[in-house]
Structures are given as C-alpha cells and as structure tokens.
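Q: Could you show me how to read the way two helices pack against each other, and then how to read single residues and the whole chain?

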Amino acid sequence: MKPYTYLLVNFFSVIVPFLCSFHPKLMFWKNVKAFLPANIITTVLFLVWDVWFTQKGVWGFNPDYVIGVFIWGLPIEEILFFLCIPYACLFSYHCFGVWKEQSLRKYPTKAISILLVLFGVVMLFCFYHKMYPMMNFVVFILLISYLAFVKKPNWLGQFYFTYLIMIIPFLLVNGVLTGTGLEAPIVWYNSSEIIGLRIKTIPFEDVFYGMSLIGLNILLYEKFLLKRSRGVK
C-alpha cells in the first residue's frame with residue numbers, strides 16, 4: 001500500500017465533499033461548470049510554479065509513496081492534489097454560503113486584508129533571498145491586494161472565513177504529505193530555500209501558499225458563476 005499513500009491522501013480529502021455535493025440542500029454539483037474552468041486555469045498556473053521549483057530542487061517527491069506515473073516531472077498524485085484540495089475547499093465555501101446565507105458576505109474585511117498584505121510584505125522583505133518564501137509571498141501579496149483593494153468582491157469575507165476553518169484539514173493533509181506519521185515525507189523541501197519555521201512538519205509558507213491556491217480558485221469560480229447566471233437570464 002505504500003506506493004498508494006499520496007493517492008489515498010487525495011482520495012480521502014475529496015471523497016466526502018464529492019458525495020455531499022449531491023445533497024438536495026447543497027447541490028454543489030450544479031456549479032461544476034463554474035468550478036472546472038476555474039480549477040483548470042488555477043492548476044495550470046500552479047503547475048508551472050510546481051515544475052519550476054521541482055527542477056530547481058526547492059522541493060521534490062519521495063518515489064516510495066507514489067505509483068510512479070510522472071507528467072512534466074511531477075507524480076500524477078501531485079497534479080490530482082490541485083483538483084482534490086480545491087474541490088473540497090470550494091465545496092466548503094459553497095456550504096458556508098448556504099448555511100450562513102448573506103451574513104459572511106457582509107463581514108468587514110478591510111482590516112484583515114491590510115494586516116495580511118503588511119505581513120506578506122514583511123515576510124518578503126526578510127526572506128526574499130529564499131526561493132519559496134520569495135515566490136510565495138509575491139503571489140500572496142498580489143492576490144490579496146487585488147481582491148481587497150481593486151476587485152473588492154462581496155464574497156471576500158466568505159473566503160476568509162472558509163480558509164480560517166479549512167486551514168485545519170488543510171494542515172492535516174499537508175502534515176501527512178510532509179511526513180507526519182510516516183517514515184519519511186512524501187513531499188520534501190530544500191531547507192536552504194524555505195524560512196525554516198515549521199508547523200510540526202509543515203513549512204510555515206504552506207499556510208499562505210494554500211490561501212493563494214484557494215483564493216485564486218474562488219476568484220475565478222465566482223467569475224464563471226456570474227457569467228453562467230447572466231447567461232441563464
């Protein structure tokens with residue numbers, strides 16, 4: 001079973017959200033036509049980053065925990081990660097929207113956004129010489145700045161709330177990927193190219209990497225949802 005470890009991590013991350021997508025009060029499956037193009041665009045962008053960093057040795061993959069199918073130097077499980085985790089997170093985002101109705105969309109976000117951007121700038125200034133935090137915080141700053149001060153979507157509070165809740169399962173998944181409970185990590189990091197601060201086995205940067213990944217998925221998902229609703233009219 002060892003070679004199927006990463007595959008099983010993906011499977012167990014998405015199976016419950018996928019099955020619950022057909023719940024009559026949630027019906028997330030109806031939004032798949034908005035999710036898929038949003039996810040494909042985001043995945044392509046993040047895969048370019050992933051391939052580059054893998055080639056540069058910033059991170060890599062333990063062959064003992066993957067089935068051995070590689071595309072562009074990445075195990076197939078890594079590519080599936082960019083489908084499974086965003087699907088689970090956007091399903092949760094959709095659920096919070098249903099359960100909380102419009103309350104999360106009225107939540108004030110300006111102060112949170114300013115703090116996030118300022119924190120990102122400080123981290124970038126301190127660790128610009130290391131590839132992962134440099135790239136990570138550039139993307140993070142640009143995305144949050146665009147959302148908070150340019151786009152100003154009414155769903156920003158819902159996104160922040162969703163990620164605040166989803167950070168727990170996200171860290172559990174990343175914990176396994178980085179070696180928690182295993183003999184060795186599935187995904188390893190070059191210690192000279194990361195900050196060095198870890199949440200158990202997880203590089204601190206992954207928290208903001210995840211927020212950028214989910215944030216871009218939601219940005220595009222909401223865009224395609226709006227296009228579909230206008231098309232229906």
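A: Let us start with a pair of helices, keeping in mind that this is a predicted model. Two helices count as roughly antiparallel when the angle between their N-to-C directions is over 145 degrees, and H2 and H5 are therefore roughly antiparallel to each other. The axes of helix H2 (residues 32-56) and H5 cross at roughly 165 degrees and come within 12 Å, and H2 passes H5 in a right-handed crossing.

Q: Which residues in H2 meet residues in H5?

A: From H2 come Trp-49, Trp-52, Phe-53 and Lys-56, and they meet Met-131, Tyr-132, Met-135, Asn-136 and Val-139 in H5. Sorted by class, this contact of H2 with H5 has seven nonpolar residues, one polar and one charged.

Q: Is Val-139 buried, exposed or partly exposed, and why?

A: A residue is called buried when its relative accessible area is under 20% and exposed when that area is over 50%, with partly exposed in between. Val-139 has a relative accessible area of 24%, so Val-139 is partly exposed. This residue lies in helix H5, which spans residues 131-151, and, leaving aside residues up to four places away in sequence, Val-139 touches Trp-49 and Ser-212.

Q: How far apart are Val-139 and Gly-120 in sequence and in space?

A: The two separations are read in different units, one by counting along the chain and the other from C-alpha to C-alpha: Val-139 and Gly-120 are 19 residues apart in sequence and 9.5 Å apart in space.

Q: What does the relative accessible area say about Ser-13?

A: Ser-13, which is found in helix H1 (residues 5-20), has a relative accessible area of 16% and is therefore buried. If residues up to four places away in sequence are not counted, Ser-13 touches Ile-85, Ala-88 and Val-173.

Q: How many helices and strands are in the chain, and what pattern does the chain follow along the sequence?

A: The chain has seven helices and six strands, and, read along the sequence, the pattern is α-α-β-β-β-α-α-α-α-β-β-β-α.

Q: What does the radius of gyration of the chain agree with?

A: The general idea is to compare the chain with a compact globule: with 233 residues, such a globule would have a radius of gyration near 17 Å, and the chain has 18 Å, which agrees. Taken along the principal axes, the C-alpha atoms fill a box of roughly 50 × 40 × 30 Å, and buried residues make up 50% of the 233 residues. Among the contacts in the chain with a separation of 6 or more, 78% are between residues 24 or more positions apart.

Definitions and conventions:
Residues numbered from 1 in each chain as written. Predicted model: local features only at pLDDT ≥ 70, side-chain atom pairs only at ≥ 80, totals over all residues. Heavy atoms only, no water. Helix = DSSP H or I, 4+ residues; strand = E, 2+ residues; numbered from the N terminus. Buried < 20%, exposed > 50% of the residue type's maximum accessible area, 1.4 Å probe, protein only. Contact = heavy atoms within 4.5 Å. Axes fitted to C-alpha atoms, helices over the stretch in contact; angles between N-to-C directions. Parallel < 35°, antiparallel > 145°, perpendicular 65-115°, else oblique. Left-handed = near helix turned anticlockwise from the far one by under 90°. Nonpolar A, V, L, I, M, F, W, Y, C, P; charged D, E, K, R; others polar. Rg over C-alpha atoms; globule rule 2.2 N^0.38 Å.
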